[in-house]
Amino acid sequence: MTERLYTRDAYRRQCPATVQAHTERGVILDATVFYPVGGGQPGDTGRLHWDGGSAEVVDTVADTEGRIVHVLAEGATAPEPGTEVNAEIDFDRRHRLMRMHTCLHLLSAVLPYPVTGGQVSDGSGRLDFDLPDSPDKTEVEAELNRLIGEDHPVGERWITDAELDAQPELVKTLSVQPPRGAGRIRLLEIPGVDLQPCGGTHVKQTSEIGPVRVRKIEKKGRMNRRVKLEFADG
Ligand SMILES: [Zn+2]
């Protein structure tokens, strides 16, 4: 398994690592700061640098063995196994993803209904709710910006699989089941606001999200409402 450094520190931009293997899709390192696509958050982009070369990473995915695959740009030369590299993410993009991802946690608190889907994108994000009536766009936006402005700390708590089984109400997102098998599950905690299993990357304080806008609330079927957000500062 690749050591996932972003789990301990989402702000870490780069790390030294050793190439372990190549797969059809890309390069596997012993440790990485690159987040692999999952839980509605896109995979990181960035670069691998080594003595005498560098390669652009255009996507990051996890394989079935828990290894993280750095997908290189078409035509890029991959560093050989055993090569010492420096792995560096495009942090400006990652930080926008962290801000929007954290904001979707606030949205799930503003609208405390079952979540049936969601996606974080660069500059925007959405959650789908199992909800028959459309919430008021202006009110949702005001509530979100209030929670952002209150500057709540964003932290984590770890529980066991058994503890999660005893508290099924913690799982709000019906479409994404929390990762199991490691024996422990990470909960994202914004005290007094949100608590749910999440393996993604988040900002440390809600004020770091910055002002947001509710772009649209769409009807997606009789019971489904899609709420789309974007950063108000573009
Ligand atoms: Zn999260």
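**Arg-93, Asp-59 and a pocket**

The side chain of Arg-93 comes within reach of the backbone oxygen of Gly-43, at 3.1 Å, a polar contact being a pair of N or O atoms within 3.5 Å, of which, within protein, one must be able to donate a hydrogen and the other to accept it. The model is a predicted one, in which local features need pLDDT of at least 70 and side-chain atom pairs count only at pLDDT 80 or more, while totals for chains, interfaces and linings use all residues. Residues are numbered from 1 along each chain as its sequence is written, and side-chain values use heavy atoms, with hydrogens and water left out.

Arg-93 belongs to helix α2, residues 91-110, and is buried without a salt bridge (buried: under 20% relative accessible area; salt bridge: a side-chain nitrogen of Lys or Arg within 4 Å of a carboxyl oxygen of Asp or Glu). Asp-44, the nearest side chain of opposite charge, is 4.4 Å away from Arg-93. Leaving aside residues up to four places away in sequence, Arg-93 touches Pro-42, Gly-43, Asp-44, Thr-45 and Asp-122, where contact means heavy atoms within 4.5 Å.

Gly-43, Asp-44 and Thr-45 are also touched by Asp-59, as are Val-69, His-70 and Val-71. Asp-59 lies in strand β6, residues 53-62, and is partly exposed, with a relative accessible area of 25%.

Turning to the pockets, 16 residues line the second largest one, and Ala-10, Val-154, Glu-156, Arg-186 and His-202 lie nearest its centre. Two or more lining residues come from each of α1 (5-8), β11 (155-160) and β12 (184-190), with α1 giving the largest share, 3 residues.

Definitions and conventions. Helix = DSSP H or I, 4+ residues; strand = E, 2+ residues; numbered from the N terminus. Buried < 20%, exposed > 50% of the residue type's maximum accessible area, 1.4 Å probe, protein only. Lys, Arg positive; Asp, Glu negative; His and termini not counted. 1 Å grid on protein atoms, 1.4 Å probe; cavity = no way out; pocket = protein on both sides within 12 Å on 5 of 7 lines; lining within 4 Å.
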